[in-house]
Amino acid sequence: MPVLDSTDRAMPRSALRHRPIASDAGQQEKKGITPVAQRASRLTSPQTEEEEQATLGSASPGCRAKAPRLIPAASRRRGMLRTHPLLLLGLGMILMLVLWTLLTVVASWWNTTWDDLHYGRPRTFQTDAVVGQNDSSSNPSHFIALNLNGRIEVIEFPGGDASKARIYIGPQLYDAGSNLIPVTLSFVDVNGNHRPDMIIRFQDTRIVYINENGGFRPANSNEIRGGTVPETAWTIASVLFHEKAG
């Protein structure tokens, strides 16, 4: 029995002359033809970043997606470095204290080194002076001031003659580092008898020895003219004089 072919059967794809494109999509819908989907092997290339931004810009405000906000690395670092002002103030004070301590140590070291170069160890000072004790301008007396382990001593060579040397014992210093205190001498008439008297200087202290009877002795308060030597000088000299007399 003969079988009739059904006219509702779809035509094979191999028999199609051409495939519709996007411009023919409207005509295909009108004619009732189902549009053919593109093959997987013919996918379009992905959109670039500029095309995506353009697409998002052309979209409606309601459909536009909010892009995540990126914080620059420099801004993050600045936020991390923000500290409390009191912390900065404390660090500044600590730094100033360290600098002050270093400055003090360096200044002390420099003063000690300077004294070592000028006075040596033990601290020694030498000078010549004409004091009227078997000396003259051609043969002045020679004086040596020593700080020997904190004890102040003065050695006199009248007229430069070592055989007639005299030693004057001064006070004992007990402060820390007192053995490194320089001692100097000067000769000034402090009592108005026209004879140069000996003044021993160390730090802010002055001790006066009166030139009398071919030698020197500690002065008392009545023998020093006011204003010539500080009060501490004749006070110390007076104490030394009374201790020696006792």
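Here are some short exercises, with worked solutions, on the predicted model shown above.

**Exercise 1. Find the edges of a sheet**

Work out which strands stand at the edges of the open four-stranded sheet.

*Solution.*
- Step 1: Start with the strand order, which is S5-S6-S7-S8, with antiparallel pairing.
- Step 2: Look for strands with a single partner. These are S5 (184–188) and S8 (215–218), so each has one side without a neighbour in the sheet.
- Step 3: Check how the sheet turns as you walk across. From one strand to the next, the twist averages 30 degrees.

**Exercise 2. Zoom in on one strand pair**

How many bridges join strand S6 to strand S7? And which residue in S7 stands opposite Ile200?

*Solution.*
- Step 1: Locate the strands: S6 covers residues 197–202 and S7 covers residues 205–212.
- Step 2: Count the bridges between these antiparallel strands, and you get five.
- Step 3: Now pick out Ile200. Facing it in S7 is Ile207.

**Exercise 3. Spot a nonpolar patch**

Which residues make the nonpolar surface patch of about 780 Å²?

*Solution.*
- Step 1: Gather the leucines: Leu87, Leu88, Leu91, Leu95, Leu99 and Leu102.
- Step 2: Add Ile94 and Val98, and the patch is done.
- Step 3: Place one member on the chain: Leu102 sits in helix H4, which spans residues 85–119.

**Exercise 4. Classify a tryptophan pair**

The whole structure holds seven aromatic pairs. Take Trp110 and Trp114: is this pair stacked, edge-to-face or tilted?

*Solution.*
- Step 1: You need two values, because a pair of aromatic rings is described by the distance of the centres and the angle of the planes.
- Step 2: Here the centres are 5.9 Å apart and the planes make an angle of 40 degrees.
- Step 3: Compare with the cut-offs: under 30 degrees is stacked and over 60 is edge-to-face. The angle fits neither, so Trp110 and Trp114 are a tilted pair.
- Step 4: See where they are. Both belong to helix H4 and lie four residues apart, about one turn of the helix.
- Step 5: Check their exposure. Trp110 has 45% relative accessibility and Trp114 has 43%, so both count as partly exposed.

**Exercise 5. Follow a pair that links distant parts of the chain**

Where do Phe143 and Phe187 lie, and is Phe143 buried or exposed?

*Solution.*
- Step 1: Describe the pair: Phe143 and Phe187 are tilted, 4.6 Å centre to centre, with 50 degrees between the planes.
- Step 2: Place them. Phe143 is in strand S2 (residues 141–148) and Phe187 is in strand S5, 44 residues apart.
- Step 3: Phe143 has 0% relative accessibility, so it counts as buried.
- Step 4: Widen the view: ring pairs join Phe143 and Phe187 with Tyr168, Tyr209 and Phe216 in a cluster.

Methods
Residues are numbered from 1 along each chain as its sequence is written. This is a predicted model: local features need pLDDT of at least 70, side-chain atom pairs count only at pLDDT 80 or more; totals for chains, interfaces and linings use all residues. Side-chain values use heavy atoms; hydrogens and water are left out. Two strands pair if DSSP finds at least two bridges between them. Helices (H or I, at least four residues) and strands (E, at least two) are DSSP runs, numbered from the N terminus. Axes are lines fitted to C-alpha atoms, for helices over the stretch in contact, and angles run from 0 to 180 degrees between N-to-C directions. Patches are made of residues with over 30% relative accessible area and no salt bridge: like charges are joined within 9 Å, nonpolar side chains (Val, Leu, Ile, Met, Phe, Trp, Tyr) within 5 Å. Accessible areas come from the Shrake-Rupley method with a 1.4 Å probe; for residues, only the protein chains shown count as cover. A salt bridge is a side-chain nitrogen of Lys or Arg within 4 Å of a carboxyl oxygen of Asp or Glu. Rings of Phe, Tyr and Trp (its six-membered ring) pair if their centres lie within 6.5 Å; planes under 30 degrees apart count as stacked, over 60 as edge-to-face and the rest as tilted. Buried means under 20% relative accessible area, exposed over 50%, partly exposed in between (1.4 Å probe, protein chains only).
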